[in-house]
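Dear colleague,

I am sending you a structure for your studies. Please look through it first, and then read the notes below it.

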Amino acid sequence: MQSALEDFFRALRAADVRVSPAEAIDAHRTVEVVGFADRELFRDALCATLAKSGDEVTRFESVFDTFFDRRSDAVAPSPPPAGAGSDLLEGLPPEAQDSDLARMLLDGDGAALAQAMEAAAERAEVSKIRLSTQRARLTRRLLEEMGLSEIERILAAARRLGGPGEAAADRLEAARKALAAQAAAYVERQHELYAAGSGKMLREEMLARKALNAEGGIDPVDLAMMQALVKRMAKRLADRYSRRRNVAWTGHLDVRRTLRKSMGYGGMPFDIVFKTKKVDKPSIVAICDVSKSVAAAAQFLLTFLYSLNEVVDRLDAFAFSGRLISVNRVLDDHPVETAIFEVLKQIGFQQTDYGRALEDFAEKHLDRIDRHTTVIILGDARTNYANPRLDILATIQQRSRAVIWLNPEPDSYWSQGDSVMNRYERFCHVAKTCNTLEQLERIIEDVLRTYIPR
Amino acid sequence: MTSSPDVAFDAAQSPHLASVESLVPGLAGVGYIASRRIATALYMAVKLQKPILVEGTAGVGKTELALSTAALLGLPLIRMQCYEGLDESKALYEWKYGKQLLYTQILKDRMGEALSDAPDMDAAMDRLHGMGDLFFSEPFLEPRPLMKALQERTGCVLLIDEIDKSDEAFEAFLLEVLSAYQVSIPEIGVLKAETPPIVFLTSNNVRDLGDALKRRCLHLHIPLPDAALEQRIVASRVPGIEARLNHQLVSFVQSLRGLDLRKSPSISETVDWARALILLNAGALEGEVVRDTLNVLLKFEQDIAAVEPQIAELVRQAAG
């Protein structure tokens, strides 16, 4: 049972339930206390030890059910026909006498077959399955380890001989087919246990690096997964940065409060109070180009920023292609996933004009920027050869705490064609290529970090 | 410091803790209707001597579980409410500054007398060192909840309420207490519990707790109960209630939970509501009474506004 538990831990890890060695030891102790006899008790006790959040409890339960059920229903071959003689192998060629598998199949001995399958699975290393494409090959290996080639030889010989062996051969054939189906189901379950979760993880890793301005846009299936991923990234950051509200000692004595506290001790300064510094929450202005090539990136940037509401004091979002509008209202009224389409509807498809957009911003919203504000601009800086209005960006830079320009294009393109990125770059504190979720996460983290005093 | 080893297992040997099966009726006896999963977690916590981290929305009975356990085992309950800014001096110990101050003053007065016959400075210092330093010693220690819990000779139930409201630093500080049942006091040394307390931590998920803390605890998530369990809870908490009213009000609350509300009513609201209905002598659920008492169940104005037009329909369903 020791190794079964270890396998179970592995399955849990594959389903993203963290099981550290210490937790594994706890689980073994748990099992010592409760035993295996009562299934429900066994499950609840293990669940209390291993699953550490409501989410993990759900995953634990589904893994538990898949894992511990397989033994009971895995192999249940048809029982031998009534009235069959004492020797089930009668009429079959002599090789059949030596084949354990043939005997088990014809006996309909489910328990023995299940055991044989477990042992064969171990030899075939089925539990190391990683990808769904390995299923067919592993099923084949599993059956071979169980001795299927033997059965096939026996069948071939029996058919050649013909006569009384035919009936037994028919039954053997049927049992072989059932066995093959069971082996396939077994491998499928193993895949579900050990690989499905890690496959998902692999996929998420890949999506985090997927280019957001890819030709033909993003697959809707991927899009949903990426939205979830962005939210998780944001939650992770929010968690990390919401905890550092009060940064404790800055080393300066707070004379007033120390004196006040010392009153209780006859003027003796027992409690020394130091000044603490409040951390201000970031205030962010996001200006997004929503023309075709940048729209996807803009959507993720906005999703990301909106999911950070715990740690961001104030967020104002603006979108432009030809003219610039404030999109706070749209984002408040619609879920972020669909908001971008709403924004596009309002802006319409105009030619991108960075100069005009900056003018609009300076005219109506410049007072929004003060020395606490971080301005994040997302765009490819392709002006269609219009006036880029560098002077306005310079003003924004002067007024704000930081200007960060995220450009989906790699920096080798920044001075080519109608891109004025290399000219805008001079007025930005940071200008970076940002074309994957991973890059996005890193940049936002940098922004949050600058608000934490050292 | 004489301790017999069997004292340590007093609580664990209580007949209620012999098995999970005996724990459920035991808890029911002190008014806590526990699901099997809750009982299992409690049983494991005592057997493995690990703290339980109890999670769930407000009002599902997290704190109540600790209170009932203390009542069941006849142990004292020590409760510590966490909040932002809680630190060691409020949770663990504090020096009795006033007494320390008096002590130094007495010391000063006696000092001249004691040292008057010393021939030179070195001899005086030697004598001073020889006098023993009481300034930082146990008599001057003012124990706070955590330390009190560790000092209880026969064990106790320690409830650390709303751990998620405390700071990260405090959480890290708790690790030593929770895994080794000991505390380090820099001036004195390590104090270890003779009998480890049964520890409950509750969390409302205001923030995610650190992995280190979670690892040291058993995890118990208390979900909102199904109708049958909730009826039993109401019956146990509000003894005078009629079965028919109980059934109606529980199914009304259950259907409220299906709606999209800012704060769904949890068990404590159901129980409060049941009490309110009894006080108003309501024999059965009626639209009028429900409308008047809805504020017991729902705590947000917009929730009440959302539910009000549907009351008649919901009452009809609950009655049917």
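The notes that follow describe a sheet, a pair of helices and a contact between chains.

Please keep in mind that this is a predicted model.

I begin with the sheet in chain B. It is open and has 5 strands, paired in parallel in the order S2-S5-S8-S1-S9. Strands S2 (77–81) and S9 of chain B stand at the edges with a single partner strand each, so one side of each has no neighbour in the sheet. From one strand to the next, the twist averages 20°. Within this sheet, S5 (residues 157–161) and S8 (residues 198–203) of chain B run parallel and are joined by 4 bridges. Opposite B:Leu201 in S8(B) stands B:Ile160. Helix H3 (residues 62–73) of chain B packs on the sheet, where it touches S1 (52–55), S2, S5 and S8 of chain B. The direction of H3 makes about 170° with that of S5(B).

In chain A, how do helices H16 (residues 354–365) and H17 (residues 390–399) cross? Their axes come within 9 Å and cross at roughly 45°, which makes H16(A) oblique to H17(A). The crossing of H16(A) and H17(A) is left-handed. H16(A) contributes A:Leu358, A:Glu359 and A:Ala362 to the contact, and H17(A) contributes A:Ile392, A:Leu393 and A:Thr395. By class, these residues are 4 nonpolar, 1 polar and 1 charged.

Finally, the contact between the chains takes 24 residues from chain A and 21 residues from chain B. On the side of chain B that touches chain A, H2(B) gives the most, with 7 residues. That side has 8 nonpolar, 4 polar and 9 charged residues.

With kind regards

Methods: Residues numbered from 1 in each chain as written. Chains lettered and ligands numbered in written order. Predicted model: local features only at pLDDT ≥ 70, side-chain atom pairs only at ≥ 80, totals over all residues. Contact = placed C-beta atoms within 7 Å. Helix = DSSP H or I, 4+ residues; strand = E, 2+ residues; numbered from the N terminus. Nonpolar A, V, L, I, M, F, W, Y, C, P; charged D, E, K, R; others polar. Axes fitted to C-alpha atoms, helices over the stretch in contact; angles between N-to-C directions. Parallel < 35°, antiparallel > 145°, perpendicular 65-115°, else oblique. Left-handed = near helix turned anticlockwise from the far one by under 90°. Pairing = 2+ DSSP bridges.
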